[in-house]
Amino acid sequence: MNSDARRPRIAVDAMGGDHAPEEIVAGALLAATEGYAELILVGDEARIRPLLPTPVPVHLRVVHAPEEVPMDQNPSQALRAHQRSSLGIAVNLVRDGEADAVVSAGNSGAFLAIALIRLRTIEGIARPAIATVMPGLRGPTVLLDAGANVDCKPEWLEQFGMMGAAYARAVLRIENPRVATLSVGEERTKGNQQVIEAGKRLECAPVNFIGNVEGKDVLTTAADVIVADGFVGNVVLKLAEGIIAALGSVIKDNIIRGNVLTKVGAFLMLPTLRRMRRKYNYETYGGAPLLGLRGNCIVTHGRAKRMAIASAIRTAADEVRSDVVGKIASLVKPHVVKEA
């Protein structure tokens, strides 16, 4: 367990993402100026070194990786070549105890496959899940799974609920997180068989289960943790991102096309509009933790630029300091023993 006395060591896949390595390195340099982590840039050293200042920041070093994982590569192919790829080497640094967490904006399917094989799941967890922190009216909400498992069993959803509760308590500092299943109605009898059975299991789990929430509740902080399978969770996430982006475009277009009075009003509201943009901008939240593994893994957008990368690194450092892996294991273990 890391204390605040020692900076968390974060391995960053410098070659993963649409804007790698330039924006990934730039994001790492932003994080380095804040000094809250030891950074390990993993990738093609010949491409990374020219992007670094002289002298190189004290808390940053480069580990060479001769290959990278293409964004469209099949996970099984990426797994076979993981010993030489930047993503594979970064994950192995965590497995070998040379790093405390790994951050990647690269191929998420490959990331999941490599991390699952090299790090393995926590005892009692069948599958890892991507947990996305979404902004809400009265605070953040953890949505999981956001895309790692499109087909799920009810017991997996139960485990997602426990992992999400542990994360919300450890990182978001929510003392008794409210856990809910995402369904088509608030009544416990609403939903498909998977959701109904998962709800029954969560009622007996060591979490504060409050029942079902609907799609309209996702951004209202009706629950602190919302559980869904990866298919539904990813659709909800992308829909929310699309609506927020579209709403921003509508506001901007109306201001540009408006009269003088509209422009004056927009100028007066500029501080409020900027606060809203920061709150609902995915770069503010940076990365999404891949929960359930015996190591800290942070997935971020393939299109992530420097601010999002810096935020993802901060998320990784917070997860390490909060001992999320240990807290998930502690919450799940008594439940596993009870079921056995």
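Which strands and helix are among what covers the buried residues of H4? I started my notebook with that one.

**Entry: helix H4**

I'm working with a predicted model, so I keep that in mind throughout. I looked up helix H4, which runs over residues 86-95, and found it mostly covered, with nine of its ten residues buried. The buried ones are Ser86, Leu87, Gly88, Ile89, Ala90, Val91, Asn92, Leu93 and Val94.

Back to my opening question. The cover on those buried residues includes five strands' worth of names to jot down: E1 (9-13), E2 (38-43), E3 (60-64), E4 (101-104) and E11 (296-300). Helix H5 (108-119) is also part of that cover. After H4 comes Gly97, and I noted that its phi is positive, near 80°.

**Entry: the whole chain**

Next I stepped back. How many helices and strands does the protein chain have? I get 13 helices and eleven strands. The radius of gyration is 20 Å, close to the 20 Å that the globule rule gives for 340 residues, so the chain is as compact as a globular protein of that length. I also took the spans of the C-alpha trace along its principal axes, and they come to about 70 × 60 × 40 Å.

Then I checked burial: 51% of the 340 residues are buried. For contacts, I kept those with a separation of 6 or more, and 71% of them join residues 24 or more positions apart. The accessible surface comes to about 15800 Å², and carbon and sulfur atoms hold 56% of that. On charge, I have 40 positive and 36 negative side chains, with the centres of the two sets 4 Å apart.

**Entry: cysteines**

I searched the whole structure for disulfides and came back with zero. Why does Cys204 have no partner? Its closest cysteine sulfur is in Cys152, and at 20 Å that is too far for a bond, because a disulfide needs the two sulfurs within 2.5 Å. Cys297 tells a similar story: the closest cysteine sulfur is again in Cys152, 18 Å away and too far for a bond.

Is each of these two cysteines buried or exposed? Cys204 counts as exposed, at 55% relative accessibility, whereas Cys297 counts as buried, at 0%.

**Entry: Ala148**

Where does Ala148 sit? I found it in the loop between strand E6 (141-144) and helix H6 (154-170). Ala148 is buried, with a relative accessible area of 15%; I call it that because the cut-off for buried is under 20%.

I listed what Ala148 touches, skipping residues up to four places away in sequence: Leu112, Arg127, Pro128, Ala129, Ile130 and Leu290. I also took the distance to Gly106, which is 42 residues away along the chain, and the two C-alpha atoms are separated by 14 Å.

**Entry: Ile210**

My last stop was Ile210, in strand E8, residues 208-213. Ile210 is partly exposed, at 34% relative accessible area. Which residues is Ile210 in contact with, leaving aside its neighbours within four places in sequence? I wrote down Arg178, Val179, Ala180, Arg188, Ala222 and Ala223.

For a distance check I picked Ala317, 107 residues from Ile210 along the chain, and the C-alpha atoms of the pair are separated by 30 Å.

How values were computed: Residues are numbered from 1 along each chain as its sequence is written. Side-chain values use heavy atoms; hydrogens and water are left out. Buried means under 20% relative accessible area, exposed over 50%, partly exposed in between (1.4 Å probe, protein chains only). Helices (H or I, at least four residues) and strands (E, at least two) are DSSP runs, numbered from the N terminus. The radius of gyration is taken over C-alpha atoms; the globule rule is 2.2 Å times the number of residues to the power 0.38. Contact means heavy atoms within 4.5 Å. Accessible areas come from the Shrake-Rupley method with a 1.4 Å probe; for residues, only the protein chains shown count as cover. Lys and Arg count as positive and Asp and Glu as negative; His and the chain ends are not counted. The place of a charge is taken as NZ of Lys, CZ of Arg, CG of Asp or CD of Glu.
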